[in-house]
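Student: Could you take me through one part of this structure closely? I would like to look at the open sheet and what packs on it, and then at whatever else helps to place it.

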Amino acid sequence: MRVEVDAAAIAANVRALRARVGVPVLGVVKAEGYGHGALASARAMLDGGAVMLGVVDLAEAVALRDAGLDAPLLAWLHGPRTDFRIAARRGVEVAVSSIAQLEAAADAGATIHLKVDTGLGRNGVARGDRAAALARAVELVRGGARVRGLMSHLAGSSREADLAQVADFAAAAAAAEPLALEVRHLAASAAALALPESRFDLVRLGMAAYGVDPAGPGAGDGASAAALGLLPAMRVTAAFRDGVAEGGLDAGLLPAIGAPVRVGDELARVAAVAAGALRIEPPLTGEGVLFGDPATGAPSADAWALAAGTITYEVVTRMGSLALGAHGTAPDPALAPRRALELGLDGAPRRLLGELVGVKRVEAGLGVSYGGEHVTARPTTLALVGLGYADGITRAASGRPVMLRGGAEPIRGRVAMDQVVLDIDDRLAAVGDPVAIEHASAPELTGMVGPRVAVEVAGAVPDADAMELLGERIGRRLVAGDAVLLIGPLGAGKTTLTRGIGRALGARGTVQSPTFVIARTHRTEAGPDLQHVDAYRLGGDEGSEAQLDDLDLDLDGAITVAEWGAPLEHALESWLRVEIERPLAAGEDEMDDEADAPRHVRLSGHGPAWDAARLRALALEGAAR
């Protein structure tokens, strides 16, 4: 399969929309530009006249800054360990959704947009906390903080409900007058087009800028977008032979049975979408267009959405991994919430892992997420998870159980691109609490995983022999410049695992604990040396880098395995983290590295050298043996 994106169409759409709405435009390029590519989409938005760009988190903002983009940026969803000092240094404005975030961002010197919840029930300061948040913002501004904007988001449940939100937002803006705000923004694409009252000082254009009618797939022919003067920016094609093409669920396609596919001058229909293949009937051969611009004779992405029972947003966003060749890496917790797919040691998908990014108390009668399909029955607590359909949770997953603090809470309301909401009543929860969606209750996790989702490999290792075999599996995947950091208590099996790595590399000499020598180098049959390091006595941050220099290790030409390796994370660009746990038996005060007792192991990749594709390959090697 191949995804092509017409950046000129994005720019033209922004120009047309600017003329229609009559106020400045913020172009939204979150989730890799809704699957179109964040950097190319950002440049096209600016070419079309956008005055600012929006992303979901600081990781997306920093990636754009690193690519050389210096336009105004706004990020609005933050994990529990977000470092707002990075936002201040990189010139990224941040929207905050709680008093705690407001104070942290102000203390860091970041430019702030205060986000208030006017009825969407996701992130944003709850109505019950609004007065206190505004009062605190005034105090902080008097102390030198910069609160530049006020924002909210519409639920789109009905025109009347949206107008009620507009009125509530206007009331919040009036109460915020002491802040002397520069910009107030409420409307996204749908409201910007259909509800002039919602436009205020700025509108946020996402889906419409990519040539899709935000009101929905309509009749599936793309006519509604064309009527708005919008040009579809994405074209997806596949090479068919006897009705079968490579690429399916794993490539991001939804099971859109009956969706049209044009092969040459003939029209076929989707008959099946498997993990790695797409089948059409009749079984035509040639280049097929799955969706593109109907003006050129291509089927519309709306048709695929209609056949899949979803919205076009989800259809195009899921193409991001394929379009970009993107492979998720573990997000820096200072920049983004946790997003990871956990595979077993046999390569099978187990869980999608995340964390709570918001917890707030709300009133009865509040609609939750788009359309307000779930309404709170009583005063309750809403918990926000920083995962959505851009990360592999299909919109059809509403109602799926999410594991939180040992219990299961169903997803309430519609799954959004970046977020799902749990209504947890009076249960205790806190920002940062880990959550998991088990594969058994969400079989769609076998398919697409978004480009911002990392892969982790975890499972039980029954004994020392199995630990050594796991080391061999890792060792077969290592190349010069790789670093493996082993984390675990005394006797967890770190040296045993390193012995397996050494065996796979053909290390000369006996691989044993380097405790007394700090570092030992083994020549190998594989080529690069194996450097076995004991990092227990190394300090963190800058101290570890200086001490590494003293050891004179070859971090580029050799393979480095460090026991007690956590202090080295600050000194490396990329590393494989291997965490080993083994509970102590009753009455046991230390563990024997060689003991045949079960351990639990988790492998996670960090940095560009250890992306999701590499972790998947390591896991699948275990499945093949």
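Tutor: Happy to; we begin with the open sheet, then turn to a hairpin and end with the cavity. Please keep in mind that this is a predicted model.

The open sheet has 8 strands, paired in parallel, and their order is β8-β7-β6-β5-β4-β3-β2-β9. At its edges stand β8 (183–185) and β9 (203–205); each has a single partner strand, so one side of each is left without a neighbour in the sheet. From one strand to the next, the twist averages 30 degrees.

Let us look closely at the end of the order where β9 sits. Strand β2 (residues 25–28) runs parallel to β9, and 3 bridges join the two. One residue pair to find on your screen is V25 with its bridge partner V203 in β9. Helix α3 (residues 38–47) packs on the sheet here, touching β2, β9 and also β3 (52–55). The direction of α3 makes about 150 degrees with that of β3. Elsewhere on the sheet, helix α6 (residues 99–108) packs by touching β5 (92–96) and β6 (111–115). For α6, the angle between its direction and that of β5 is about 160 degrees.

Now for the antiparallel pairing. Strands β12 (residues 260–263) and β13 (residues 266–273) pair in the antiparallel sense, with 4 bridges between them. They form a hairpin that has 2 residues between the strands, and in the turn G264 shows a positive phi of about 65 degrees. V263 is a good residue to follow: its bridge partner in β13 is E266, while in β15 its bridge partner is G288. That second pairing belongs to β12 and strand β15 (residues 286–291), which run antiparallel and are joined by 2 bridges.

F291, which falls within the residue range of β15, brings us to the cavity, as F291 is one of its lining residues. How many cavities of 30 Å³ or more does a search of the whole structure find? There is 1, and the space in the largest cavity is about 30 Å³. Besides F291, the lining includes G252, L253, L254, W304, V315 and M319. By class, that lining has 6 nonpolar residues, 1 polar and no charged ones.

To retrace the route on your screen, start at the β2 and β9 pair, move to α3 packing on the sheet, then go to the β12 and β13 hairpin and finish at the residues that line the largest cavity.

Notes: Residues are numbered from 1 along each chain as its sequence is written. This is a predicted model: local features need pLDDT of at least 70, side-chain atom pairs count only at pLDDT 80 or more; totals for chains, interfaces and linings use all residues. Side-chain values use heavy atoms; hydrogens and water are left out. Two strands pair if DSSP finds at least two bridges between them. Axes are lines fitted to C-alpha atoms, for helices over the stretch in contact, and angles run from 0 to 180 degrees between N-to-C directions. Contact means heavy atoms within 4.5 Å. On a 1 Å grid over the protein atoms alone, a cavity is a set of points where a 1.4 Å probe fits but cannot get out, and a pocket is an open set with protein on both sides within 12 Å along at least five of seven lines; lining residues have an atom within 4 Å of a point. Grid points are joined across faces, edges and corners, and a volume is the space filled by probe spheres set on the points. Ala, Val, Leu, Ile, Met, Phe, Trp, Tyr, Cys and Pro count as nonpolar, Asp, Glu, Lys and Arg as charged, and the others, Gly among them, as polar.
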